[in-house]
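I am opening a fresh notebook page for this structure. My plan is to look up one thing at a time and jot down what I find.

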Amino acid sequence: MEPITKITSRLVPLPNENVDTDIIVPARFLKVTDKAGMDQYLFRDWRFDEAGKPLPDFILNQPRAKGAQILLAGRNFGSGSSREHAPWALLAFGFRALLSTSFADIFQGNALKNGLLPVVIPPDVHADLFRQVEKNPNLEVTVELASQTVTLPDGKTVSFPIDNFSKQCLLAGVDQLGYLLKQESHIRAYEQSHPPRVQTTIGS
Amino acid sequence: MAAEKSQTLFEKIWNRHVVVEEPDCPVALYIDLHLVHEVTSPQAFQGLRDQGLRLRQPSKTVATVDHSIPTTDRSLPIADPMAANQIRQLEVNCREFGIPLHGIDSPTQGIVHVIGPELGFTQPGMTIVCGDSHTATHGAFGALAFGIGTTEVQHVLAAQCLLQRKPRSFEVRIDGTLQPGVSAKDIILALIAQIGVGGGVGFVLEYTGSAIRALSMEARMTVCNMSIEAGAKAGMIAPDETTFHYLAGKPYVPQAAAWDDALKQWKQLPSDPGARFDRSVTMDASQLEPMITYGTNPGMGLPVTAPVPSPDSMPDTASQNAVRHALEYMALEPGKPLLGHPIEVVFIGSCTNSRISDLRAAAGILKGRKVSPKLRVLVVPGSQQVKRQAEQEGLPDIFRDAGCEWREPGCSMCIAMNGDELEPGQYSVSTSNRNFEGRQGKGGRTFLASPLTAAASALQGCVADVRTLL
């Protein structure tokens, strides 16, 4: 996992609220058994026509999206299914941070575990960024994880919340499993004092 | 001894499963049962291999195939090579890591959220996870059950724990008696319409009240199943005699003296009197009508007799745009009734509504009648066990005589990964849980409803009010 420190990028605006993970990666592409080539599935049905030709009106097909690393998304982004293919595809396309007023729970957890930073910003700042980016497609912001700030085009900063544990993992680019595995003695002690509730292997 | 603080059902289960809690770190929460299926697990098993890790607890892990398997004749080879490969990969992974697999030829194969309860893996007081957002289903038993991503699947496989931050609690109190033609599906669709698809984000819902107590276990599962559609982490119902009666004698529940011990523990689980919730809403079940969705998320729902709303009636620009976009996708006009809107397909199935009581409800409407000509009606039982039970009761004949297809168990047209899908532009009335764009097939348009409404709509060839047929 690539560490996240500071991301300066144009914004790709996608104002739709409640964008669900079926839109981010339609279910028919979930038959893969690895993570390769996920970028081609991202927003597939909004991005490509029946013949697989890019739809020019869709924001990801416009020149401004090329090389951009920050998606400005509508509220409750990532709702619906638990598929981790959604953050995998966003990362594969090149996004490193998402700005919105809120994110769906499972999606947010999946994003954090893959080095994709969900940034919650206040509703007025969010609305203002959409207004500004409509006028100026080259509008840039900077997201800095260490200071937990977004530097807006006018130089002002807003801070965003993130739990310290996820933050440290993202700054270092390490998976959270390492921490869990270090708890071995606690896990063993728990198992010794809590008999199993079920034995799935009986009769198999 | 000082009186202990009153606790909710959720808090009791949470507290009992905290393995370690260090300052500035999330809690390591112990997981009692891990359900695995073919779609969200392959990359997790590969992660174990890449890191040289073992499966910590095979006997707390159980797998089945449901999402990508065909619901046609199982003796035939799987036509889709990618689906076949994914299913084969799960078989390989289960063999390699020692996980019991209720696989494609097993008499206990089925949708993961159907077989967990029916085999008795799902029990009160447990923590249950699965790489599937509808894991909330198991909360109907008074378990803390939630969906996880593939990285977390790997965490549970390797450590039998998850790093979690404590969600807040949300009481959904539903009193009153459901009217004829109104069922559990209508309760949950009405709730999501009321609080919205983001209304539960950050919360665990606990459903309480006399209307919930009166529901069967299968109906409770329907309610809890769609908690995620309100954005909630989980949905739960305190266990009671209905729960214990359902579980008694199931293959994997504790037996003999262990059953009595378990019962004693399970009876301690319900929220204490005076336990505080962070948020609450109430609903009157007696006021509910059959519900249906008109839009492209499960919160866009209304009573079946109501007109399609106008985007302008929404409270803010974002939701106005959302409804406008949804009506465009659904090709619906504001102000017009949904009742009578033509459909091409009816799907009765999914982890929300594919259990025996759902099939009985649909069969009760369809018996001795014919579905509308040209309509395609799929009835997909949730498991091999549900299928056998239905066969014993003669339900397949009722469905076939009415003009429906009776198929093999799986997720089928709920997620449309297995070839069961809508064609672009087609409308369906579906008993599943999601009406997202393309969910039932690219360009497909979904009206979510109960099995009763689906069966009535199948007969009339359009969105119908089942109460006219009772």
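**Entry 1: two helices in chain B**

I began with a helix pair, keeping in mind that the model is predicted. On one side I found Leu359(B), Arg360(B), Ala363(B) and Leu366(B) of H12(B), and they meet Leu395(B), Ile398(B), Phe399(B) and Ala402(B) of H14(B). I sorted the residues of this contact by class and got 7 nonpolar, no polar and 1 charged.

Next I looked up the geometry. Helix H12 of chain B covers residues 356-366 and helix H14 of chain B covers residues 395-402; they pack at an angle of about 45°, with their axes 10 Å apart. Angles from 65 to 115 degrees would count as roughly perpendicular and those under 35 as roughly parallel, and H12(B) and H14(B) are therefore oblique to each other. I also noted the hand of the crossing of H12(B) and H14(B), which is left-handed.

**Entry 2: helix H13 of chain B**

Which residues are buried in helix H13 (residues 384-392) of chain B? I listed Gln384(B), Gln385(B), Val386(B), Lys387(B) and Ala390(B). Then I checked what covers the buried residues of H13(B), and the cover includes H4, H12 and H14 of chain B. So my helix pair from the first entry turns up again here, as part of that cover. After H13(B) comes Gly394(B), and I wrote down its positive phi, near 75°.

**Entry 3: the domains of chain B**

I then turned to the domain assignment of chain B. It gives domain 1 as 9-166 + 238-266 and domain 2 as 292-468. The C-alpha centres of these two domains of chain B lie 28 Å apart. How many residues does the contact take from each domain of chain B? I found 21 residues from domain 1 and 21 residues from domain 2. On the domain 1 side, helix H4 (residues 112-119) of chain B gives the most, with 4 residues. That side of domain 1 of chain B divides into 7 nonpolar, 10 polar and 4 charged residues.

**Entry 4: chain A overall**

Over to chain A, where I noted 8 helices and 7 strands. The C-alpha atoms of chain A fill a box of roughly 60 × 45 × 25 Å along the principal axes. Of the 204 residues in chain A, 46% are buried. I also looked at contacts in chain A with a separation of 6 or more: residues 24 or more positions apart account for 70% of them.

**Entry 5: helix H3 of chain A**

Why is helix H3 (residues 85-93) of chain A largely enclosed by the rest of the structure? My note says that 8 of its 9 residues are buried, so the enclosure follows. The buried residues of H3(A) include His85(A), Trp88(A), Leu91(A) and Phe93(A). Helix H1 (21-24) and helix H4 (105-112) of chain A are among the elements that cover them. Gly94(A) follows H3(A), with a positive phi near 125°.

**Entry 6: where chain A touches chain B**

Last lookup of the day: the contact takes 50 residues from chain A and 66 residues from chain B. On the chain A side, H1, H4, helix H6 (164-172), helix H7 (177-181) and helix H8 (184-193) each supply at least two residues. The largest share of that side, 4 residues, comes from H4(A). By class, the side of chain A that touches chain B has 14 nonpolar, 21 polar and 15 charged residues. I added a cross-reference here, as H4(A) also helps to cover the buried residues of H3(A).

Methods: Residues are numbered from 1 along each chain as its sequence is written. Chains are lettered from A and ligands numbered from 1 in the order in which they are written. This is a predicted model: local features need pLDDT of at least 70, side-chain atom pairs count only at pLDDT 80 or more; totals for chains, interfaces and linings use all residues. A residue is buried if 20 or more other C-beta atoms lie within 10 Å of its own, exposed if 12 or fewer, and partly exposed in between; C-beta atoms are placed from the backbone. Two residues are in contact if their C-beta atoms, placed from the backbone, lie within 7 Å. Ala, Val, Leu, Ile, Met, Phe, Trp, Tyr, Cys and Pro count as nonpolar, Asp, Glu, Lys and Arg as charged, and the others, Gly among them, as polar. Domain bounds come from an automatic or database domain assignment. Axes are lines fitted to C-alpha atoms, for helices over the stretch in contact, and angles run from 0 to 180 degrees between N-to-C directions. Angles under 35 degrees count as roughly parallel, over 145 as roughly antiparallel, 65 to 115 as roughly perpendicular and the rest as oblique. A crossing is left-handed if the near helix is turned anticlockwise from the far one by less than a right angle, and right-handed if clockwise.
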